[in-house]
Amino acid sequence: MAALWRFDAIGTRWEIETDEPLGAGARARVEALIRDFDATWSRFRPDSLVSVLAASGGRIPLPADAAAMLDVYRELSDATGGAVNPLVGDALARRGYDPEYSLVDGGAVISPPDWTAELTWDSAELHLRAAATVDVGAVGKGRLVDLVLACILPDASGTVVVDAGGDLAVHGGPVRVGLEHPYDPSRAIGVMEVEDAALCASATNRRAWGDGLHHVLDARTGEPVRRIAATWALAADALHADAAATALFFEGGPELAARWGVEWVRMATDGRAEWSPAARAEVFR
């Protein structure tokens, strides 16, 4: 790789690798795309569309990415028995992962179980029936990685890597990616090769605080997951890789990944690793 563009956005470090440096026009388009996505979906911004909806619900024109992400959420919710839910935002805030990053635990609350009755959409509008906080954390970063990759491809040749804090998409390749040990960032538990695909990861040591609290909550209980420590999912696009990486923390996740054709690895909190039957990952023993 000859050129690396690093910047911070949506709370993470981005790295975009291209054979030649991206021009000012391409960079401006990427910055505008991320800015617009954040202004719609960030529950940490008081002026975002989801923050405005959180106050009392209501109707807004359908955001460009709503249908793609919420259709995937419906599959995630069905596959995990409701453990993954886009209305988990209030539960996360209650545990301390709120817009002020208070990190003060207010206790567990469940999310609306029948979220598809509360949050509906059609080709024109997104409708939230009552006050609730939409959180697209299970799929949003993956979706944005896909959008950024598509945005720069007309200006880039050769292998292109878009990496948003470990959720990455590769055009071309192959690129070998280490699977970071969740309890020792200086080590990897294996390697996956990514070629014209996306690899997304999730781990309970990231965005963790307090006494065993972290960002992966079971929406049915408001409690952090305890059995799985880290997941990695390789899919055709980052939206589904990101979604599968979340689903793999729960029962039903492996079955959903199989239906989507996603290869995966996950590590339990007792240190044992398991992986999908067709996974081409090299897992160290």
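**Helix 7**

I looked up helix 7 in this predicted model and found it mostly covered, with nine of its 10 residues buried (under 20% relative accessible area, against over 50% for exposed and in between for partly exposed, with a 1.4 Å probe and protein chains only). The buried residues are Ala238, Leu239, Ala241, Asp242, Ala243, Ala244, Ala245, Thr246 and Ala247. I took helices (H or I, at least four residues) and strands (E, at least two) as DSSP runs, numbered from the N terminus.

I then listed what covers these residues: helix 3 (66-79), helix 6, strand 7, strand 10, strand 15 and helix 8 (253-260) are included. Contact here means heavy atoms within 4.5 Å. At the N-terminal end of helix 7, Asp237 acts as cap, with a side-chain oxygen 3.2 Å from the backbone nitrogen of Leu239.

**Notes on the model**

I kept in mind that local features need pLDDT of at least 70 in this predicted model, that side-chain atom pairs count only at pLDDT 80 or more, and that totals for chains, interfaces and linings use all residues. Residues are numbered from 1 along each chain as its sequence is written, and side-chain values use heavy atoms, with hydrogens and water left out.

**Eight-stranded sheet**

I traced an open sheet of eight strands in the order 1-2-6-7-10-15-16-17, paired antiparallel; a pair needs at least two DSSP bridges. Strand 1 (3-9) and strand 17 (273-275) are at the edges with a single partner strand each, so one side of each has no neighbour in the sheet. Neighbouring strands are turned by 10° against each other on average, direction ignored. I noted that axes are lines fitted to C-alpha atoms, for helices over the stretch in contact, with angles from 0 to 180 degrees between N-to-C directions.

At the strand 17 edge, three bridges join it to strand 16 (residues 263-268), and Arg266 has Glu274 as its bridge partner.

I checked which helices lie across this sheet. Helix 7 (residues 238-247) crosses strand 7, strand 10 (197-203) and strand 15 (228-235), at about 25° to strand 10. Helix 6 (residues 140-152) lies across strand 2 (12-18), strand 6 (160-164) and strand 7 (167-171), at about 150° to strand 6.

**Three-stranded sheet**

I found an open sheet of three strands, ordered 8-9-18 and antiparallel. Strand 8 (175-181) and strand 18 (282-283) are its edges, each with a single partner strand, so one side of each lacks a neighbour in the sheet. Strand 8 pairs with strand 9 (residues 184-194) over seven bridges; Gly178 has Val191 as its partner in strand 9.

Key
A polar contact is a pair of N or O atoms within 3.5 Å; within protein, one must be able to donate a hydrogen and the other to accept it, and residues adjacent in sequence count only if both atoms are side-chain atoms.
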